[in-house]
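Me: I have a chain to look at and some questions about its build. Can we go through them step by step?

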Amino acid sequence: MFEAGRPLLHADADCFFASVALRRRPDLRARPVAVVNHVFVASANYPARAGGVRSAMLVQEARHRCPELVVLDVPYAEVEEVGDALFEIFHRFAPAVEPGSVEEAFLDVGAEDWPAALDTAQALRKQVQQELGITVSVGVGRTKLMAKLASRAAKPDGLYSIALQDEPQLRADLPIGQVWGVGQKTFARLENLDVQRLADLDRIPRAQLQQVCGTTMARRLWQIRAGTDDARVRPVRHRDSLSAESSIAGYGRPDHSPEQLLTLCLERVLHRAEKAGLVGNGLTLTLQPAGEELPLRRKQSGFTATADRSAWQSAADRLLHAGPVPPLAGLRVTLTGLLPADQVPQTLF
Ligand SMILES: [Mg+2]
């Protein structure tokens with residue numbers, strides 16, 4: 001038995017981009033649907049997954065595997081908006097929220113026992129469904145790894161918990177490939193030692209494991225084996241940057257000039273910051289050239305923190321034209337150095 005702890009939640013929206021797209025097309029829910037980014041599948045719903053479609057797969061390959069696949073577009077602005085609303089709900093249920101991505105987070109809901117955590121998790125799932133029309137799966141466990149394994153097992157649209165008494169056996173049997181953070185390199189090295197599940201580590205001398213995986217990874221593996229892995233939700237009080245992006249290729253805006261894309265993204269990111277009660281003092285533009293070229297990044301910080309849109313618009317225009325602008329596939333605007341508006345001295349406005 002491991003040291004008793006409090007239950008943590010891992011909440012993770014199911015096939016997020018596809019679910020956001022399907023809010024406008026509920027008639028397609030039972031059919032295989034994918035949202036595409038450029039030439040890759042960004043997100044596939046569960047019927048599409050059953051047809052062999054996976055994220056990051058070439059669209060061409062996805063269509064080949066699943067000829068009845070329906071490809072939907074979703075404005076990135078809408079994805080961002082739903083993501084923000086999702087986190088707003090997370091914060092309503094949990095005093096401490098640690099974001100993992102735009103659509104998943106660890107939550108400490110303050111529950112002292114498993115039944116209380118499960119009740120809260122169920123209420124959270126219901127609220128998200130009602131307010132946003134998407135499903136979120138929730139896992140409950142004593143450490144972050146346990147909560148994450150539980151949410152994976154809960155998918156789609158489910159709730160799953162790993163009880164304290166089941167944890168030792170589960171850890172012993174856990175396939176190394178499922179340990180979050182173990183990459184292909186470490187996996188291959190451990191396979192060479194005939195380590196397939198966590199309990200196989202018990203027969204590897206410590207010095208040998210350190211030599212094979214490096215000190216940091218070896219320590220991490222021992223901690224996971226011993227059940228002393230991370231069990232603390234580290235709340236992010238506020239985000240220090242926010243982005244908005246627009247792509248020409250993905251969302252059918254071939255007629256938009258770089259200046260129009262810039263204005264669209266800037267408006268959205270300022271709107272999101274304002275809603276979150278934050279103001280920034282820096283700006284990063286990421287230009288995605290239409291061809292195979294790498295993105296171009298132009299940034300500047302140290303601006304006077306302000307919510308004034310026209311000030312940001314001129315700063316953004318200057319950055320855009322600080323160098324040549326190639327034909328674009330897309331553009332991203334990131335507002336950086338965010339601080340709560342009430343912490344920024346008034347004289348700065
Ligand atoms: Mg997800």
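Me: Which domains does the domain assignment of the chain give?
Reply: This is a predicted model, where local features need pLDDT of at least 70, side-chain atom pairs count only at pLDDT 80 or more, and totals for chains, interfaces and linings use all residues. Residues are numbered from 1 along each chain as its sequence is written, and side-chain values use heavy atoms, with hydrogens and water left out. Domain bounds come from an automatic or database domain assignment. The domains are domain 1 (8-15 + 77-166), domain 2 (16-73), domain 3 (174-226) and domain 4 (241-348).

Me: How far apart do the C-alpha centres of domain 1 and domain 4 lie?
Reply: Take the C-alpha centre of domain 1 and that of domain 4. They lie apart by 31 Å.

Me: Which protein donors does the magnesium ion have?
Reply: Donors are N, O and S atoms within 2.8 Å of the metal (3.2 Å for Na, K and Ca); water is not among the atoms, so sites may look incomplete. Here they lie 2.1 to 2.4 Å from the ion. Their spacing along the chain is D-A-x89-E. The donors are Asp 12 (OD), Ala 13 (O) and Glu 103 (OE).

Me: Where in the chain do Ala 13 and Glu 103 sit?
Reply: Strands (E, at least two residues) and helices (H or I, at least four) are DSSP runs, numbered from the N terminus. The pair links distant parts of the chain, 90 residues apart. Ala 13 is in strand 1 (residues 8-13), and Glu 103 is in the loop between strand 5 (96-101) and strand 6 (104-108).
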